[in-house]
Amino acid sequence: MIVTPIPGTHRDNVLSALRSVFVAAGNLDSQHHSSAYGRLLAYLEWANDSLRLLVGQISASDIDRLIRTRMYQPLLDGVGHLAGSDQQRLVNGLLANDVRERVVALDAAVGAFQGRMQRWPAMTSVLVLDTSVFIKHETKLEDTEFYVLAGAGAEAVRVTVADGGCRRAGPVERVEGQAGPVAGRVQPRGAGPAPG
């Protein structure tokens with residue numbers, strides 16, 4: 001599961017929040033409670049704390065999939081009448097299943113988000129070119145100095161060009177040892193490493 005950060009959030013903060021919620025869910029799963037009602041209250045407290053951490057970091061739909069699940073609302077609604085001893089087994093079973101599902105989902109979300117972070121380093125500039133680049137610019141795509149277009153601060157540049165089939169050009173790599181602006185080489189998808 002890949003989560004969608006809210007525009008403007010820092011990805012390290014998103015990852016930290018996801019990790020915190022994941023660890024807290026794991027702790028909740030391993031805690032012993034004297035009653036099912038105590039366990040229910042601990043679950044609802046975890047959910048509330050998790051919402052506080054994730055709201056403003058990731059999309060509402062991701063929060064719904066990770067925290068406010070189909071089981072969350074009935075458990076919240078039933079907090080007043082699930083305190084009896086007759087319901088303990090049912091409540092414990094529902095909570096055990098939901099918490100374990102949350103742990104698995106959060107683990108997958110953390111792993112997928114970390115994978116995306118590794119794939120797209122923090123100082124990567126992304127240039128999205130439409131087909132007008134072929135009409136308006138005399139320079140061949142392969143000879144374009146993408147680092148100049150990306151501006152100062154770019155450690156890496158990724159270029160996406162739509163053609164008829166919406167294929168993408170691969171990452172542009174630095175050409176070391178040149179005087180002046182650093183140029184890049186286009187690596188079409190599946191073509192192997194870019195020439196240096």
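pLDDT is the predictor's confidence in each residue, from 0 to 100. I start there because this is a predicted model, and pLDDT is the predictor's own confidence. For this protein chain the mean pLDDT is 78. Of its residues, 77% reach 70 or more.

Where is confidence lowest, and where is it highest? The low end is strand β3, residues 171-174, with a mean of 43. The high end is α3, at 95. Please also mark residues 164-196. pLDDT stays under 50 there. The model still has 58 contacts beyond four places in sequence for that stretch.

Now the overall layout. The chain has 196 residues, and 34% of them are buried. It holds seven helices and four strands. Along the sequence the order is α-α-α-α-α-β-α-α-β-β-β. Take the contacts with a separation of 6 or more: 66% of them join residues 24 or more positions apart.

Next, one helix pair. Two packed helices are described by the angle between their axes and the distance between the axes. Here the pair is α1, residues 11-30, and α2. Their axes come within 10 Å and cross at roughly 175°. Angles over 145 degrees count as roughly antiparallel, so α1 is roughly antiparallel to α2.

Which residues of α1 and α2 meet? From α1 we have Ala17, Leu18, Ser20, Val21, Ala24, Ala25 and Leu28. From α2 we have Ala42, Tyr43, Trp46, Ser50, Leu53 and Leu54. By class, this contact has 11 nonpolar residues, two polar and no charged ones.

Stay on α2 for a moment. Tyr43 and Trp46 both lie in this helix. They are three residues apart, about one turn of the helix. Buried or exposed, these two? Both Tyr43 and Trp46 are buried. The count of aromatic pairs comes to one. That pair is Tyr43 with Trp46, and it is tilted. The centre-to-centre distance is 6.0 Å, with 35° between the planes.

Last, Gln57. Where is Gln57 placed? In the loop between α2, residues 36-54, and α3, residues 60-66. Why does Gln57 count as buried? Its relative accessibility is 18%, and buried means under 20%. What is Gln57 in contact with, leaving aside neighbours within four places in sequence? The list is Thr4, Pro5, Ile6, Thr9, His10, Asn13 and Val14.

To close, two items to find on the screen. One is the tilted pair of Tyr43 and Trp46. The other is Gln57, in the loop between α2 and α3.

Key. Residues are numbered from 1 along each chain as its sequence is written. This is a predicted model: local features need pLDDT of at least 70, side-chain atom pairs count only at pLDDT 80 or more; totals for chains, interfaces and linings use all residues. Side-chain values use heavy atoms; hydrogens and water are left out. Helices (H or I, at least four residues) and strands (E, at least two) are DSSP runs, numbered from the N terminus. Buried means under 20% relative accessible area, exposed over 50%, partly exposed in between (1.4 Å probe, protein chains only). Contact means heavy atoms within 4.5 Å. Axes are lines fitted to C-alpha atoms, for helices over the stretch in contact, and angles run from 0 to 180 degrees between N-to-C directions. Angles under 35 degrees count as roughly parallel, over 145 as roughly antiparallel, 65 to 115 as roughly perpendicular and the rest as oblique. Ala, Val, Leu, Ile, Met, Phe, Trp, Tyr, Cys and Pro count as nonpolar, Asp, Glu, Lys and Arg as charged, and the others, Gly among them, as polar. Rings of Phe, Tyr and Trp (its six-membered ring) pair if their centres lie within 6.5 Å; planes under 30 degrees apart count as stacked, over 60 as edge-to-face and the rest as tilted.
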